[in-house]
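Visitor: I should like to go through this structure and ask what justifies the terms applied to it.

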Amino acid sequence: MKGIVFFCYMVCALFLFSPIIALVSGPWSYVVSLLGDTLVVQALLISLKSSFISIIIIVVLGLPASYFMARYCFPGKQVLDTVFELPLVLPPAVAGLLLLITFGRNGPIGQYLYRVGIQIPFTFTAVVIAQVFVAAPIFIKSAKSGFQGVDRNLEITAATLGDTPWQTFIKITLPLSWNSILTGIVLAWARALAEFGATIMLAGNLPGKTQTLTLAIYTAMERDMNLSLTIALILILVSFIILTTLKFIGGKRWEEV
Amino acid sequence: MPLIKLKNVSNYICQNVNLQVFDRELLVLFGPNGAGKTTLLNVIAGLVEYEGKVYFDNVCVDKIPAPERGIGYVFQNLILFPHLDVFSNIAYGLKVRGQSQAQIETRVKELLKMMKIEHLASRYPRHLSGGEKRRVVLARALAPSPEVLLLDEPMNNLDLRTTKYLRTELKQLQRKLKITTVYVTHNLEEAEEMADRIAVINNGRVEQVGTPEEIFFNPANEKISNLIGKPNIFICEKCKDLGNGVMEVTCGGLNIIVPHDGNSIRRIALLPRDVYVSDAEPPGAGVNQFKGIITDINYNNEAVRLTIKVKHNNITAEIPYQIYEGMDLSVGRKVFLKLKLRRIKVCESEDNYRL
């Protein structure tokens with residue numbers, strides 16, 4: 001029994017680690033020399049900018065939304081709640097296609113935006129919209145479970161000690177669900193950074209305008225495999241930096257005190 | 001002047017409750033689980049919706065939200081903020097009121113000392129025992145010097161020894177701080193020990209309000225008598241002071257020794273579970289030990305109730321099943337019984353037992 005389980009464990013580990021081997025065995029000096037390539041630099045800036053804006057929007061809107069989902073109830077809420085999970089199961093290409101139709105020149109929302117001179121498809125805004133669409137549910141799901149994990153009685157106790165609902169939220173609810181919120185931010189940011197399908201459908205692949213790092217990998221493949229590798233390296237680096245920074249901000253967890 | 005007054009309060013469980021809590025008194029809400037005791041506390045605290053009116057010092061507080069009612073509330077399940085240490089937990093209500101750091105420090109230290117938990121100041125809640133948590137919760141509720149203290153089963157799930165110790169301490173504290181307190185419990189012994197007055201709550205109604213003695217000796221109806229365990233009540237014909245805080249009373253031909261230091265005794269009461277029954281004569285000359293004949297045997301959920309005729313008295317005794325099964329008892333059988341001396345309750349007043 002133990003032998004078989006261990007064997008499967010090792011196979012999984014090797015398989016999941018194999019891409020890293022590719023990275024290590026790459027032609028390093030050449031890869032590094034490609035770091036300054038315009039394609040790479042432009043894509044990096046677009047990826048950072050768009051994912052940063054996306055994550056701000058996701059947190060600002062998603063935090064209250066997830067709190068509402070965790071704390072309040074109204075008829076039909078369960079049905080509406082599933083809307084928040086839809087993007088999780090929707091293939092990104094389908095999501096992108098539907099967004100394109102919605103925001104397109106003749107789309108249900110797009111036609112009105114066009115009238116006031118706002119064009120969404122194939123712009124930087126489209127990159128952000130695509131990222132928010134696919135990443136927001138991930139954040140909301142995590143934040144919601146965080147809020148649900150906070151005992152309602154703690155909030156009531158705070159109220160009897162003189163706290164207003166806002167004070168209670170800042171001093172009790174938020175610190176106690178902080179880990180879930182942070183996890184949500186990390187996962188959503190990673191998802192936004194990795195976004196490909198929905199972005200290419202809605203925003204296209206325009207270098208210097210809508211081409212993010214993941215799209216740039218795809219484009220670079222046609223020119224030079226090593227250029228793709230360079231971008232991949234940057235993506236890994238950026239993800240790693242974001243992950244460790246947020247973990248660092250998280251500080252000591254009260255469970256560990 | 002009554003500090004808290006509930007007038008025709010009704011909601012999903014309370015039914016037309018009228019209740020007064022006097023200034024500086026400790027009122028116990030006693031009743032079975034699900035009777036509406038906690039809901040009444042929540043009404044006073046302003047945490048649940050209700051119809052009717054609640055007054056604090058004759059001022060209607062219905063429109064005042066919970067944070068501004070000036071109450072200290074100790075919840076049943078010992079809610080401490082897990083991300084704050086003991087000091088910060090106690091300081092919580094003080095910070096909200098915008099006190100200076102120095103003021104907060106002084107007050108928290110005072111409370112730590114009062115509750116005898118100075119050594120716990122920097123601990124986190126998950127490293128506290130049940131008894132310690134209770135002290136912290138109480139200190140936190142008392143910190144902002146509330147005018148009203150609400151305690152919801154504060155001794156629940158605590159071992160007997162700690163409970164007894166904490167009860168005494170809590171009572172002394174309440175007397176010292178002169179704080180109006182409403183105390184919820186379903187434990188009769190606890191209710192009697194803590195209360196200035198007891199309000200018996202059942203099915204969302206206040207069934208009776210009175211001193212522990214009034215409730216015990218004059219339960220207003222059969223339901224209350226059942227709730228307090230259907231005590232045996234003996235009317236005393238004679239009372240003789242034996243000195244040293246001991247008296248001998250004569251009830252229906254029985255001479256019963258009672259620990260009592262005061263005026264002569266009119267009635268005594270004893271719960272059926274405090275009557276020992278045995279089929280063989282206990283060795284030695286026991287105090288309050290009598291012979292009787294079983295006239296009735298009743299089985300209920302947890303125990304067996306025996307009615308035993310002893311001279312002119314019918315005494316009810318309650319014994320656990322396991323013990324009953326090992327004893328071979330039947331109607332008409334002669335048994336020995338012993339009245340638990342320390343559990344005998346004494347009444348000096350003349351009021352008639354209404355049952």
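**Terms and their grounds**

Guide: In this predicted model, strand β18 (residues 303-310) of chain B runs antiparallel to β17(B), and six bridges join them.

Visitor: What makes β17(B) and β18(B) a pair of strands?

Guide: Pairing requires at least two bridges found by DSSP. Six bridges join β17(B) to β18(B), so the two strands pair. One of the partnerships sets B:Asp296 against B:Thr307 in β18(B). The two strands form a hairpin, with three residues between them.

Visitor: How do you know that β17(B) and strand β20 (residues 334-339) of chain B pair?

Guide: Five bridges connect β17(B), residues 289-299, with β20(B) in the antiparallel sense; at least two are required, so these strands also pair. Here B:Phe290 stands opposite B:Leu337 in β20(B).

Visitor: Why is helix α1 (residues 37-45) of chain B called largely enclosed by the rest of the structure?

Guide: A residue is buried if 20 or more other C-beta atoms lie within 10 Å of its own. Nine of the nine residues of α1(B) are buried, so the helix is largely enclosed. Among them are B:Lys37, B:Leu40 and B:Ile44. After α1(B) comes B:Gly46, with a positive phi near 80 degrees.

Visitor: What residues, by class, make up the side of chain B that touches chain A?

Guide: In total, 18 residues of chain B are in contact with 17 residues of chain A. α2(B) gives the most to that side of chain B, with three residues. By class, the side has 14 nonpolar, three polar and one charged residues.

Definitions and conventions. Residues are numbered from 1 along each chain as its sequence is written. Chains are lettered from A and ligands numbered from 1 in the order in which they are written. This is a predicted model: local features need pLDDT of at least 70, side-chain atom pairs count only at pLDDT 80 or more; totals for chains, interfaces and linings use all residues. Two residues are in contact if their C-beta atoms, placed from the backbone, lie within 7 Å. Helices (H or I, at least four residues) and strands (E, at least two) are DSSP runs, numbered from the N terminus. Ala, Val, Leu, Ile, Met, Phe, Trp, Tyr, Cys and Pro count as nonpolar, Asp, Glu, Lys and Arg as charged, and the others, Gly among them, as polar. A residue is buried if 20 or more other C-beta atoms lie within 10 Å of its own, exposed if 12 or fewer, and partly exposed in between; C-beta atoms are placed from the backbone.
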